[in-house]
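Work through these exercises on salt bridges with the coordinates open. Try each task before you read its solution.

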There are 2 protein chains.
Amino acid sequence: MDNAIFGHRSIRKYKNQPIPDKILEYILEAASRASTTGNMQVYSIVVSTGAEIKKQLWESHFKQEMVKEAPVVLTFCADFNRFVKWCKMRDAQPGYDNFLSFMTAAIDALLAAQNAALAAEHKGLGICYLGTTTYMADKIIDILELPKYVVPITTLAVGYTNEDPGLTGRLPRRAIVHNEKYQDFSPEEIDSLYHDRENSAFTKELLKINDKATLAQIFTDNRYSKKDNVHFSQQLLEVLKKQGFMNNK
Amino acid sequence: MDNAIFGHRSIRKYKNQPIPDKILEYILEAASRASTTGNMQVYSIVVSTGAEIKKQLWESHFKQEMVKEAPVVLTFCADFNRFVKWCKMRDAQPGYDNFLSFMTAAIDALLAAQNAALAAEHKGLGICYLGTTTYMADKIIDILELPKYVVPITTLAVGYTNEDPGLTGRLPRRAIVHNEKYQDFSPEEIDSLYHDRENSAFTKELLKINDKATLAQIFTDNRYSKKDNVHFSQQLLEVLKKQGFMNNK
């Protein structure tokens, strides 16, 4: 447990080595034991291992090489499809075509994903989450043939690691933990929280390469820009509508 | 690891016994090691232990006794507040007031929550997720004084267990796992997936108590009704707007 949780690094280079069925089953079984709202299990996991389908997913995930390289790609979806089908067959009127139900199902999917990630790491495998899943949900829906009431939320690349990066530095814990109520940050506190990160050799190198004045600008201008975020927000809301989750009246 | 993942049960009765600081710190440190988008750490955890604040949270969480009983209540929030403040102080224009950014931050919060849950269970504590968090986000925002760009996503009750429930039965794994692409379910498959659950003694008792013809009706009519879902969908979308996450143009 400690090794999996406290030794986590995101792995972006994988060996060309398949994951034995037994280990993959262990990972999927671990995912299925996560908490799920009302034991409805309103999520699903698509396990992609074939070269052709991984190539299609790779295109969607901004051509990040690890999607092709990793032997297993797990797409975790918010999924009310099975549950709604069951309700209809049992003389029950499902009311799950709304935003709250989407969030409920997304929560299920993410708790299962983190169980899968830790189970894989516990078995000595490496993992990386692909944030591009929500950006490119529409394309992933086409590739994986996801029906109505199914939306991909996150993706895990899983495999034997072919690199050995160090742990990623985190902000001091007071940046994320609040006692009893939220304590908002003064400018001095923000300075103090980000001091070490902004003054690291790594950041200085990054600023030089990207020709930026501050680390924050690398996020706002290059990595997660307003333009991209607005574009993908519109696209994701369109996906929620198309997949049947925006009937909120 | 195996004990925490495969031994998970939701615990709803807790002993009146505080969690030692060292163990609470271990849980919070575990949460902070979860994957986070671009290492932005766009989430926060509010740790509530005081009787007065737990009472207020208990009111919001549909008066579920465990919120008062558990020594520690952890509220996990999607949180761009600190990051946006930092960007503004560093001559960078943040573009995180949109739906995609909300989802990014919610994903961060949920991966951290599941790390915390497993770390607590690894130390012999019990946990329960509170799905009421997204239903009552507006009230929780008031109680915990959450600023703009902060939305509560889920809550964990954590403490020493005062009950010993068995493992919750899950559907056969083919209900959630799909190979390569999504394989939609035929009516016969739905029957087969739900057969054991529908025919258990527990379900039969539940149908009698609730005077319902099918198990699905207990979900659609009692537990998660369309009326409630629509009401809380509207409320949650209103919260996203109010907290600054719906500027999608």
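Three exercises with solutions follow.

The model is predicted: local features need pLDDT of at least 70, side-chain atom pairs count only at pLDDT 80 or more, and totals for chains, interfaces and linings use all residues. Residues are numbered from 1 along each chain as its sequence is written, chains are lettered from A in the order in which they are written, and side-chain values use heavy atoms, without hydrogens and water.

**Exercise 1.** Find the partner of A:Arg90 in chain B, and place both residues.

Step 1. Apply the rule: a salt bridge is a side-chain nitrogen of Lys or Arg within 4 Å of a carboxyl oxygen of Asp or Glu. Over all chains, this rule gives 18 salt bridges.
Step 2. A:Arg90 pairs with B:Glu198; their closest N and O atoms are 2.6 Å apart.
Step 3. A:Arg90 sits in the loop between helix 5 (81-89) and helix 6 (99-122) of chain A, and B:Glu198 in helix 9 (residues 187-198) of chain B, so the pair joins two chains. Helices here are DSSP runs (H or I, at least four residues), numbered from the N terminus.
Step 4. A salt-bridge network links A:Arg90, B:Asp191 and B:Glu198.

**Exercise 2.** Classify A:Lys226 and B:Asp97 as buried, partly exposed or exposed.

Step 1. Use the cut-offs: buried is under 20% relative accessible area, exposed over 50%, partly exposed in between (1.4 Å probe, protein chains only).
Step 2. A:Lys226 has 35% relative accessibility, so A:Lys226 is partly exposed.
Step 3. B:Asp97 has 15%, so B:Asp97 is buried.

**Exercise 3.** Which residue forms a salt bridge with B:Lys63?

Step 1. The partner is B:Glu59, with the closest N and O atoms 3.9 Å apart.
Step 2. B:Lys63 is partly exposed at 46%. B:Glu59 is partly exposed at 42%.
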